[in-house]
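Trainee: Could we go through this one together? I'd like to ask about the cysteines and then the ligand.

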Amino acid sequence: MLKLFNNFNLLQYNSFGIDVNAKYFVEFTTEQDLIDYLSKNLNLVNENSLLIIGGGTNILFTKNYNGILFHSLIDKLEVISEDDNSILLKVGGGILWEHFVEYAVINNYQGIENLSLIPGNVGSSAVQNIGAYGVEAKDCIELVECIDLNNNTKYFFSNEECKFDYRHSIFKEKKNLLITFVRFRLNKNTRKINLDYGELKKQFANHLNPCIKDIRDTIINIRENKLPNYKKVGNAGSFFKNPIIYDEKYNALKLKFPEIVAYPFSNDSIKLAAGWLIEACGWKGKVIGNVGVYEKQALVIFNKGQATGKEILDFSQLIINSVFDKFQIILEPEVIIE
Ligand code: EPU
């Protein structure tokens, strides 16, 4: 089924809770519906700007969207193959990521349990290469299926072709590619768990043989304690990316700010905890007008209820400015600004 709307209100479609409209809104439940729509409307699609949203949990609208917004509800999940060690699943891009993680853990398929409770959809997990607690979506993605909205052609991208990086993939550059399915290879050996992340390791220090359900429960608990629920308070998780800087710059910063928090990234660069930088500038818990920095995690900017996208963007710029003034580091938004 495919639904078409003009001047469609996006309040329920973005987790920041911004009240804007899309000029055209196209929503579909199967890949074939999308293909049929494109075959009849390719001219309209090529004449307009295009935007694809998943859960709308990583986007900040600063104005009405004056183009066509595509929203996938493809929710088919099928087993492609399996053996004693692993299973290959083809998962609809419109499925809620959290539902897929829950399904995997219930069935004892290991690999994505550390990504529990991340908002958004399966399609977005590949666009954004979502990551948390030592795991990234790319670790389990084998193939991405998509439709090029400009020529109505289907393409397959192998893991390598997706050019995954920290919160990045080829789909962030090629905005005309709509992900219809993602194929994940998950492990059947549930003894293989990932406790690389410091905070997680600490929690399991005295736990013998944790299973993936234990990991999932713990992560849900950590996230619920640390991050605001967007159904209650408008937000989009981390507003900024953790900046990656060369070792030389880091060593100089470390001399000046011995407490600075950083993690190894590559052989000549490190990833700084942006939350620490923002907190060190005095922003944690600070509210200006309708916008604030969450009191338990400085990377999260929230909407007190009535903020416009522009107010949130201006607020984020104040944070960027003060982090630059103190550390000469330029923070980059993790959320997509439209
Ligand atoms: N920190 C502070 N103050 C803060 C926040 C963090 O000092 O207000 C320091 C602390 O030392 C803390 C460290 O930063 O130990 C790391 O904090 P946290 O474990 O919360 O992780 P993060 O680096 O701030 C990233 C992701 C999160 C993900 C967590 C857990 C990014 C941009 N964010 O945050 O992802 O949940 O790691 O793995 O990489 C998201 O993308 O929306 C998101 C929430």
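**Cysteines and ligand shell**

Trainee: Is Cys146 buried or exposed?
Mentor: Cys146 counts as buried, with 0% relative accessibility. Buried means under 20% relative accessible area, exposed over 50%, and partly exposed in between, with a 1.4 Å probe and protein chains only. Note that this is a predicted model, where local features need pLDDT of at least 70, side-chain atom pairs need 80 or more, and totals for chains, interfaces and linings use all residues. Numbering starts from 1 along each chain as its sequence is written, and side-chain values use heavy atoms, leaving out hydrogens and water.

Trainee: Why doesn't Cys146 form a bond with Cys162?
Mentor: Their sulfurs are 8.0 Å apart, which is too far, even though Cys162 holds the closest cysteine sulfur to that of Cys146. A disulfide needs two cysteine sulfur atoms within 2.5 Å, and the count here is zero.

Trainee: OK, ligand next. Which residues come nearest?
Mentor: Tyr133, Tyr166, Tyr197, Glu279 and Glu334, out of 24 around the ligand; near means a heavy atom within 4 Å.

Trainee: And which side chain N or O atoms sit 2.8 Å from a ligand oxygen?
Mentor: Those of Asn242 and Gln297. For Lys284 the distance is 3.1 Å. The protein covers 84% of the 810 Å² of accessible area that the ligand has on its own (Shrake-Rupley, 1.4 Å probe).

Trainee: Where does the ligand lie relative to the domains?
Mentor: Between domain 2 (77-226) and domain 3 (234-337), because both give residues to its shell. Those bounds come from an automatic or database domain assignment.

Definitions and conventions. Polar contact = N/O pair within 3.5 Å; in protein donor to acceptor, adjacent residues only side chain to side chain.
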